[in-house]
Every structure is written in structure tokens, then in C-alpha cells.
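Here are my notes on this model, set out as numbered points. Please read them with the structure open.

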Amino acid sequence: MKDVVIGIDSSTTATKAIAWDAHGRALAQGRRGVPMLQPAPGRFEQNPQEWWISSCQALSEVLAVIPADRIAAVAVCNQRETFAPLDASGNAVRDGIVWLDERSGDEVAQLASSIGAARINAISGRYPDLTPVLYRLAWMRHHEPELYAATATFTEVHAYLVSQLSGERKTSWASADPLGCFDIRTMDWSAELLEAVGLTAAHFPLTFAPGTVLGAVTPAAAQATGLLAGTPVVAGGFQ
């Protein structure tokens, strides 16, 4: 009987996996840390592979307690404004840049001036600030143009883990929104904001409402995690 769901919380310092029953009771949990890199003052990065490694370890701990054939679905929530640039093969072209990062102050000022703070807010629901990913994309474009050009997909943590679990290049609206280039009226990537940093929607995962089934656990992910192949992977959300 498939009567349990697993939530994966890939946060700033650790990944947690918790198995829940239909009454909202936690049945088992696993946890593994995620190393933080600080290559310079005010700069915070993580190797995206660590998001997956820690998820596999946390899931394995849960599935040592709860049989995999009881798992009805798995969903992800994550550290919101953290992203990684991936090449066409899905490999990171550089370490992911964490939401704590402070490197993009000049880009915040430049985009606020060129687009207008009110216009940015009208589209994204967010005023110019260091936290949304949009400004770190602009920083990467200015300071790492070769890596920027080599990037096929800019992915937040949710989409990265969904891809690792299911092979699907998809994410939740709840995880796309914090990037700061998501149009809150159309519920899709903003062509206007992406044009300002030289990108298009094709550089980002497809977006879906929280609760949508995005795909199913692949045989490779099943072997890595202990989940059964075919287990539904569902778009996560946030409170």
C-alpha cells in the first residue's frame, strides 16, 4: 500500500528527507550536510553535485526504515535563490552561487537604472536587491562571459534535483519565482527581464504549479537513492 510521501528539503547547510503518512505524521527522516564554499569575502558557493549526493544519502536513511514500496511520491523544497549554471550535458560549468552571496551590487544598481525598479517589481513582484538570481546572472555575464556562454540551463536547486531524480528539466512555480526573472502575472519566465541579461526562457526549466507530477524516478536514481523506479516526482511548494 502506497501510503507515505517523502519531502526532500535541500536547505543552505543540509539536505533533509522526511517520510510523512496521510495524517501528517513524520515516520522517518534522514539528514546530510552540504559543504559551503567561500572563495572570497561576501561570496558563497556550493558544488551542485553535493545537493544530489546529500539527497541520496538522506533518502537512503529514510528508506532503511520505510519500505520503498510504500512511497506514493517524492517532492522537493529548497534554498530558494541559489542557482547553478549547467552545460548541455547537465554538468556544472562553475560552482552554484548561493542566495547569501553579495557579489552583484553593481548589477543591482545597473538593472534598476536601465529597467526601472518599479518595472522590475511589476513583473517579478520583487524590488532590486542582492538576493534574487537575476542580478547574479548579470554579474556572471559581465565577469565570466565564457562560462556564461557555455551555460545551456540555469537551474535552481529544485529543478536540479528533479532532473537528477526523473531526467526531466522542470521546476515548480514556487522555486522559479525567487529567481527574480519570473513573471507573476503570466506564471512563466519574463522575456523582458531575461533579455536584459542576454537570455531567453529556453535557458531555464519548464515551470509548473506546485503539486504537479513532473516525472518519475529513473532506474539510475532508484539505484542511487533506494526509491523504486517509477515513483512520481511532484513539484514542491513553500509556506
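1. Serine 190 is buried, because its relative accessible area is 4%, under the 20% cut-off. This is a predicted model, so read every value here as computed from it. Serine 190 sits in the loop between strand E11 (188-189) and helix H7 (191-195). Neighbours within four places in sequence aside, serine 190 is in contact with Ile123, Cys181, Phe182 and Asp183. One of these contacts, cysteine 181, is itself buried, with a relative accessible area of 0%.

2. Isoleucine 8 belongs to strand E1 (residues 4-10). Buried or exposed? Isoleucine 8 counts as buried, at 3% relative accessibility. Its contact list, again without neighbours within four places in sequence, includes Thr15, Lys16 and Ala17. Ser55 and Leu59 are also on the list, as is the run Val74, Ala75, Val76 and Cys77. Leu161 and Leu165 are contacts from further along the chain. A related pair to check is isoleucine 8 and asparagine 78: they are 70 residues apart along the chain, yet their C-alpha atoms are separated by 8.0 Å.

3. Cysteines next. How many disulfides does the structure hold? The count is zero. For cysteine 77, the closest cysteine sulfur is that of cysteine 56, at 17 Å, which is too far for a bond. The cut-off for a disulfide is 2.5 Å between sulfur atoms. Cysteine 77 counts as partly exposed, at 23% relative accessibility. Cysteine 181, in contrast, is buried at 0%.

4. Salt bridges deserve a careful look. The structure holds 13 of them. Side chains of opposite charge can pair when their charged atoms come close. Take arginine 32 and glutamate 61, whose side chains meet in a salt bridge at 2.1 Å, N to O. Arginine 32 is in strand E3 (residues 26-33) and glutamate 61 in helix H1 (residues 48-63), so this pair ties together parts that are 29 residues apart in sequence. Arginine 32 counts as partly exposed, at 33% relative accessibility. Glutamate 61 is partly exposed too, with a relative accessible area of 25%.

5. Which residue does glutamate 45 meet in a salt bridge of 3.1 Å, N to O? The partner is arginine 94. The pair links distant parts of the chain: glutamate 45 lies in strand E4 (residues 45-46), and arginine 94 in the loop between strand E6 (83-86) and E7, 49 residues apart. Glutamate 45 counts as buried at 7% relative accessibility. Arginine 94 counts as buried at 13%.

6. Glutamate 45 has a further partner. Its side chain meets that of arginine 103 in a salt bridge of 2.8 Å, N to O. This pair also links distant parts of the chain, with glutamate 45 in strand E4 and arginine 103 in the loop between E7 and H2, 58 residues apart. Both glutamate 45 and arginine 103 are buried. Salt bridges with shared partners join Glu45, Arg94, Asp101, Arg103 and Glu144 into one network.

7. On the surface, Met36, Trp99 and Leu100 make a nonpolar patch of about 230 Å². Leucine 100 is found in the loop between strand E7 (96-97) and helix H2 (105-124). Leucine 100 counts as partly exposed, because its relative accessibility is 32%, and partly exposed spans the range between buried (under 20%) and exposed (over 50%).

8. Now the overall fold. The secondary structure comes to eight helices and 14 strands. Among contacts between residues at least 6 apart in sequence, 65% join residues at least 24 apart. Of the 239 residues, 49% count as buried. The protein exposes about 10200 Å², and carbon and sulfur atoms supply 54% of that area.

9. Last, the dimensions. Along the principal axes, the C-alpha atoms fill a box of roughly 55 × 35 × 30 Å. Does the radius of gyration fit or miss the value for a compact globule? The protein has 18 Å, and a compact globule with 239 residues would have a value near 18 Å, so the two agree.

Key. Residues numbered from 1 in each chain as written. Predicted model: local features only at pLDDT ≥ 70, side-chain atom pairs only at ≥ 80, totals over all residues. Heavy atoms only, no water. Patch = residues over 30% accessible without salt bridge, like charges linked within 9 Å, V, L, I, M, F, W, Y side chains within 5 Å. Areas by Shrake-Rupley, 256 points an atom, 1.4 Å probe, with all protein chains shown as cover. Salt bridge = Lys/Arg side-chain N within 4 Å of Asp/Glu carboxyl O. Helix = DSSP H or I, 4+ residues; strand = E, 2+ residues; numbered from the N terminus. Buried < 20%, exposed > 50% of the residue type's maximum accessible area, 1.4 Å probe, protein only. Rg over C-alpha atoms; globule rule 2.2 N^0.38 Å. Contact = heavy atoms within 4.5 Å.
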